[in-house]
Amino acid sequence: MKFVVTAGPTREYLDPVRFLSNPSTGKMGFAVARAAAMRGHEVALVAGPVTLKTPKGVRRIDVTSAREMLAAVERELSRQAPGAVFVSTAAVADWRPAKCAARKLKKGQMSDTLKLVRNPDILKTVARRAKHQAPARASTVFVGFAAETNDVIAEARRKCREKNLDMIVANDVTEKGSGFGVDTNRVTFVRKDGSVERLPLMTKLAVARRIVRECEDLRP
Ligand code: C5P
């Protein structure tokens, strides 16, 4: 099968030396890419700015901003044969500065407020588009992540429905051993059919293996 995986944060620049971002390290997404390649799948990994090594057998496309990530994902998905899998682990910045200055802003040129505009929701955009395509193309499997601090399952269900996904991998980032930067994760699979499966605390690679198996089963 063909996998397209996003990983890491995005950066949204306001001038050449300043940006908005988040602490994502890309570990979960790189683990998914690695696990998929280990199962013999063809993998395109669209990565935000991270310092991780590319897993063996994975084709990597580096991007910086959410808009670049969306363009790369669209290009990769359109190149794939029908029946691909898109796993969206990236911590995409929801907002970007309305303007990016060509030169470094001097302190005196900056105001105390920064005007922001919404970034595209990459996963929602490509999942919605697929639904309106020919049946073969519509068979793409879409898996999202949801990092939550409260109402984890209810939020995951809502996102699964709203973004038209096959499954959400939900985690409570306030739990020990979960979330940004660590090598372990405790996740819950929330499927389109409403079923919920809570997994124990595992390494990110073990979680990734389970996700890849689940995608194999989800494939129509
Ligand atoms: O941020 P949120 O909780 O909505 O993220 C849920 C899913 O949507 C994640 O899989 C994330 O990668 C994806 N997402 C995206 N583009 C955004 C925001 C989130 O693809 N702008």
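Where is Asp166 found? Asp166 sits in the loop between helix H5 (152–162) and strand E10 (167–172). The model is predicted, and the values below are computed from it.

**Asp166 and Arg186**

With a relative accessibility of 15%, Asp166 counts as buried, because buried means under 20%. The side chain of Asp166 reaches the backbone nitrogen of Phe142 at 2.8 Å. Apart from neighbours within four places in sequence, Asp166 is in contact with Thr140, Val141, Phe142, Cys160, Arg191, Lys192 and Leu218.

Arg186 is also a loop residue, placed between strand E11 (184–185) and strand E12 (187–191). Its relative accessibility is 28%, so Arg186 counts as partly exposed. When residues up to four places away in sequence are not counted, Arg186 touches Ala170, Asn171, Glu175, Gly177, Ser178, Arg198, Leu199, Pro200 and Leu201. From Leu116, Arg186 is 70 residues apart in sequence and 33 Å apart in space, taken C-alpha to C-alpha.

**Aromatic pairs**

Phe142, whose backbone nitrogen is reached by the side chain of Asp166, also belongs to an aromatic pair. The count of aromatic pairs comes to two. One of them joins Phe86 and Phe142 in an edge-to-face arrangement, with 6.3 Å centre to centre and 80° between the planes. This pair links distant parts of the chain: Phe86 lies in strand E6 (residues 85–88) and Phe142 in strand E9, 56 residues apart. Both Phe86 and Phe142 are buried.

**Pockets and cavity**

Rolling a probe the size of a water molecule over the atoms shows where empty space is left. The spaces found in this model are set out below.

| Space | Volume | Lining by class |
|---|---|---|
| Largest pocket | about 980 Å³ | 16 nonpolar, 15 polar, ten charged |
| Second largest pocket | about 270 Å³ | eight nonpolar, three polar, three charged |
| Largest cavity | about 30 Å³ | three nonpolar, one polar, three charged |

The largest pocket has a volume of about 980 Å³. It is lined by 41 residues, of which Ala90, Ala91, Val92, Phe145 and Ala147 are the closest to its centre. Two or more lining residues come from each of helix H1 (27–38), helix H3 (122–131), strand E9 (141–148), H5 and E10. Which element gives the largest share of this lining? Strand E9 does, with four residues. Strand E9 is also the strand that holds Phe142 of the aromatic pair. H5 and E10, which both contribute to the pocket lining, are the elements on either side of the loop that holds Asp166.

For the second largest pocket, the volume is about 270 Å³. Its lining has 14 residues, and those closest to its centre are Leu14, Lys99, Leu105, Leu114 and Lys115.

How many cavities of 30 Å³ or more are there? The count comes to one. The lining of the largest cavity is made up of Lys2, Phe3, Glu42, Val43, Ala44, Arg59 and Gln80. Strand E1 (2–7) and strand E4 (42–47) each supply at least two of these residues, and E4 gives the largest share, three residues.

Terms used
Residues numbered from 1 in each chain as written. Heavy atoms only, no water. Buried < 20%, exposed > 50% of the residue type's maximum accessible area, 1.4 Å probe, protein only. Contact = heavy atoms within 4.5 Å. Polar contact = N/O pair within 3.5 Å; in protein donor to acceptor, adjacent residues only side chain to side chain. 1 Å grid on protein atoms, 1.4 Å probe; cavity = no way out; pocket = protein on both sides within 12 Å on 5 of 7 lines; lining within 4 Å. Points joined across faces, edges and corners; volume = space filled by probe spheres on them. Nonpolar A, V, L, I, M, F, W, Y, C, P; charged D, E, K, R; others polar. Phe/Tyr/Trp six-rings, centres within 6.5 Å; stacked < 30°, edge-to-face > 60°.
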